[in-house]
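The following explanation leads through a single protein chain, moving from one aromatic pair to the overall architecture, the cores and the annotated site. Please keep the sequence and the coordinates at hand while reading.

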Amino acid sequence: MDSIFHEKQEGSLCAQHCLNNLLQGEYFTPVDLSSIAHQLDEEERMRMAEGGMGSEEYRTFLQQPSGNMDDSGFFSIQVISNALRVWGLELILFNSREYQSLMINPINEKAFICNYKEHWFTIRKLGQQWFNLNSLLTGPELISDTYLALFLAQTITQVSIFCP
């Protein structure tokens, strides 16, 4: 492993940095993620219209801001999930029944996407070592298997964790 790609925080584009740090390269731009968010918004609008374009629910829906992105550059988990599908990756919520039923040992995973107080970041295994690739850090932070297990166990109620 020659070097670790680590995109640092720029504006509120943590979802972009999270994805690029996960994939280890500059694969997504704000424009790419905005495009996915707009596509999701349109799909949601079409679904709501099925209930009748004159309905109160539809009119209320149209007046609400997008739930997939905001003006600050924040993107939803749906945008991140759709972006990863391009790579054949699907997200599973770490504390879901689906994940637990797979009887997966977290140490054997390759990465985790985390959200804490509307900030997305990646914890990724590169080679045989785990790294915190949070874009708010000045660089990759080496973490041990033990620390990873403790982090996952202790923060599960405060942090949304997904496995790609």
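By about how much of a helix are tyrosine 147 and phenylalanine 151 separated in helix 6? The two residues are 4 residues apart within this helix, which covers residues 145-155, and this spacing amounts to about one helical turn. An α-helix has 3.6 residues a turn, so residues three or four places apart point the same way. In this predicted model, tyrosine 147 and phenylalanine 151 form a stacked aromatic pair, with 6.4 Å from centre to centre and 25° between the planes. The angle qualifies as stacked because planes under 30 degrees apart are counted in that way. The two partners have unlike surroundings: tyrosine 147 is partly exposed, at 41% relative accessibility, whereas phenylalanine 151 is buried, at 12%. Across the whole structure, a search finds 7 aromatic pairs. Elsewhere, Phe74, Trp120 and Phe162 form one aromatic cluster.

With that local example in place, the chain can be considered in its entirety. The protein chain has 6 helices and 6 strands, which follow one another from the N terminus in the order α-α-α-α-β-α-β-β-β-β-α-β. Its C-alpha atoms fill a box of roughly 55 × 35 × 25 Å along the principal axes. Of the 164 residues, 43% count as buried. Among contacts between residues at least 6 apart in sequence, 55% join residues at least 24 apart. The mean pLDDT of the chain is 86, and 92% of the residues reach 70 or more. Confidence is highest in helix 1 (residues 14-23), at a mean of 97, and lowest in helix 3 (residues 56-63), at 69.

Helix 1 also merits attention for its burial. The helix is mostly covered, with 10 of its 10 residues buried; among them are Cys14, Ala15, His17, Cys18, Leu19 and Leu22. Just after this helix, glutamine 24 adopts a positive phi of about 60°.

The nonpolar interior comes next. The largest nonpolar core holds 24 residues, of which Leu33, Phe75, Ile80, Leu84, Ile113 and Trp120 touch the most other members. Helix 1, helix 2 (30-49), helix 4 (77-85) and strand 2 each supply at least two residues of this core, and helix 1 gives the most, with 6 residues. A second, separate core of 14 residues includes Phe94, Phe121, Ile123 and Leu148.

Tryptophan 120, one of the residues of the largest core with the most contacts to other members, shows how distant parts of the sequence are brought together. Leaving aside neighbours within four places in sequence, its contacts include Cys14, Ala15 and Cys18, together with Phe74, Phe75, Ile77, Ile80, Ile113 and Phe162.

Two of these contacts of tryptophan 120, Cys14 and Cys18, raise the matter of disulfides. A disulfide is a covalent bond between the sulfur atoms of two cysteines. The search of the whole structure finds 0 disulfides. Cysteine 14 is in none, and the nearest cysteine sulfur, that of cysteine 18, is 7.6 Å away. Seen from cysteine 18, the closest cysteine sulfur is that of cysteine 14, and the 7.6 Å between them is too far for a bond. Both residues are buried, cysteine 14 at 3% relative accessibility and cysteine 18 at 1%.

Cysteine 14 leads on to the annotated site. According to UniProt, in an unreviewed entry, the annotation "active site" covers Cys14, His119 and Asn134. These residues span 121 residues in sequence, yet no two of their C-alpha atoms are more than 9.2 Å apart, so they gather at one spot.

Where do the two remaining annotated residues, histidine 119 and asparagine 134, lie? Histidine 119 is in the loop between strand 2 (111-115) and strand 3 (120-126), and asparagine 134 is in the loop between strand 4 (129-132) and strand 5 (141-143). Histidine 119 is buried, at 11% relative accessibility, and asparagine 134 is likewise buried, at 11%.

The contacts of these residues complete the picture. Not counting residues up to four places away in sequence, histidine 119 touches Gln9, Cys14, Cys114, Asn134, Ser135 and Leu136. With the corresponding neighbours set aside, asparagine 134 is in contact with His6, His119, Phe121 and Thr122. Histidine 119 thus touches both Cys14 and Asn134, the other two residues covered by the annotation.

Notes:
Residues numbered from 1 in each chain as written. Predicted model: local features only at pLDDT ≥ 70, side-chain atom pairs only at ≥ 80, totals over all residues. Heavy atoms only, no water. UniProt positions renumbered as here; feature names shortened; annotations may be inferred. Buried < 20%, exposed > 50% of the residue type's maximum accessible area, 1.4 Å probe, protein only. Contact = heavy atoms within 4.5 Å. Phe/Tyr/Trp six-rings, centres within 6.5 Å; stacked < 30°, edge-to-face > 60°. Disulfide = S-S within 2.5 Å. pLDDT = per-residue confidence, 0-100. Core = buried A, V, L, I, M, F, W, Y, C linked by side-chain atoms within 4.5 Å.
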